[in-house]
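Here is a brief report on one strand with its surroundings, and on the internal cavities.

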Amino acid sequence: MAHDSMLKFVARPQAYPAKRPADARAEDFAEIAARYAPPAAEDQAGRCSQCGVPYCSVHCPLHNHIPDWLRLTAEGRLREAYELSNATSTMPEICGRICPQDRLCEGNCVIEFSGHGAVTIGSVEKFITDTAWEEGWVEPLVPGPARGASVAVIGAGPAGLTAAEYLRGHGYEVHVYDRHDRAGGLLTYGIPGFKLEKPVVMRRVERLKAGGIVFHEGFNVGEQASLDELRREHDAVLIATGVYKARALDVAGGDDRVVAALDYLIASNRKGFGDAVPAFDQGALDAAGKHVVVIGGGDTAMDCVRTAIRQGAASVKCLYRRDRKNMPGSQREVANAEEEGAEFVWLSAPAAFEADGTVRARKMRLGAPDASGRRAPEADPSGDFTLHADLVIQALGFDAEDLPTLFGAPELGVSRWGTVLVDGKTLMTSLDGVFAAGDIVRGASLVVWAIRDGRDVAATMHKWLKAKAKVGKVAA
């Protein structure tokens, strides 16, 4: 029966789960689309062509066994499909929700190239794992036989949590240190609920806690303990802090109206948890009734635009210095934002924040390609224009914080961009027994890459710790 249920892409059109109407979803922070009912998921999985060279897997940073679990889904063998998708990913239902599939697996689907519309891989992945949670198929994290060694993980984002899970499975005592009062990093505080509802993240964290991983929340490395102290207390340390420093605009003026994207998103997510957030409650980080201008063109800018709409902004405009075609963010997100009422002002950049509450913006045009091959934006001599703005949100990307200073570890090797330098093979930093993974090494990137890096670094740390234990036994 192997392929009876496959190759249906010619007769069966591509269909994503239905999105809620734009006006309804703009009223709340719930996810914008329902998930498939089982027959629809099986139908869509059955569109996979089972091609000989699965470009979807090749272009997935985790190299998920996508065609295999699509086939199992099409055959109604959901538990096996879940087990296979879970074999390569610690967070399949999270990737199914927030990966930019249009740039990765689905964008490289063979039937997409043939004009039939890609298999809806992300939506099927979300369906499989959500079903697994409901049916009780998600196994608890069972630690391996105790090795008598402990590991510190600094940062409870996707890279840190993934490494912690694998290392606990190998039998290490694992302690996760994070400055926030909840684990999850940007999954919890950076990504809005309409893309990733928070219980989806929290149940993952709870599973790790139940597996014996110790979480030290609200713990600032450098304040409560230096990196040196953690090194003395543990047999190995992983730095997986991510990159949180907002890139600033070099623009004249600027006042209390101008806020960083992450400050804005964290405040909104905290309100979703029911926390007291003075800066939100006093109005500084609440878009309600305001004319909002978001500056930037990536996924963080889209998150800010769509959050402001849900908070009841009077108007929301997104200024981006290139055109739609050259946006770094997902085109799906742009379409969602437009449906919900956002206005995009392409080829424009802020020139000054004026004292009268306006933003003077400059028209831009695309010039010659820059070093990366993208056409560089340059000022258009046709002049400036003015926008009214009660709240300006800067979403220009993130850089690394100064970790050697923050952690009291001047000998920690970093690049000129502040990212932590690691050995390409072992992923160890300049400090013996201190490893690093995720955005703090590669710069701001995708969640799926952080999961991949967490998986890779857990393997090299395990190897190093085993070798260290062997030497210790010989010496004893």
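## An enclosed strand

Both faces of S1 are covered: Ser150, Ala152 and Ile154 are buried on one side, and Val151 and Val153 are buried on the other. Buried means under 20% relative accessible area (1.4 Å probe, protein chains only). Side chains in a regular strand alternate between the two faces of the sheet. With 5 of its 5 residues buried, S1 (residues 150-154) is largely enclosed by the rest of the structure. Strands here are DSSP runs of E, at least two residues; helices are runs of H or I, at least four; both are numbered from the N terminus.

The model is predicted: local features need pLDDT of at least 70, side-chain atom pairs count only at pLDDT 80 or more, and totals for chains, interfaces and linings use all residues. Residues are numbered from 1 along each chain as its sequence is written, and side-chain values use heavy atoms, without hydrogens and water.

S1 has these partners, where pairing takes at least two DSSP bridges between strands.

| Partner of S1 | Sense | Bridges | Opposite residues |
|---|---|---|---|
| S2 (residues 173-178) | parallel | 5 bridges | Ala152 and His175 |
| S4 (residues 236-239) | parallel | 4 bridges | Val153 and Leu238 |

## Cavities

On a 1 Å grid over the protein atoms alone, a cavity is a set of points where a 1.4 Å probe fits but cannot get out; lining residues have an atom within 4 Å of a point. Grid points are joined across faces, edges and corners, and volume is the space filled by probe spheres set on them. The whole structure holds 3 cavities of 30 Å³ or more. The largest has about 110 Å³ of space. Its lining has 13 residues, with Cys60, Asn64, Cys99, Cys105 and Glu125 nearest the centre. Helix H8 (residues 121-135) gives the most to this lining, 3 residues.

Notes
1 Å grid on protein atoms, 1.4 Å probe; cavity = no way out; pocket = protein on both sides within 12 Å on 5 of 7 lines; lining within 4 Å. Buried < 20%, exposed > 50% of the residue type's maximum accessible area, 1.4 Å probe, protein only.
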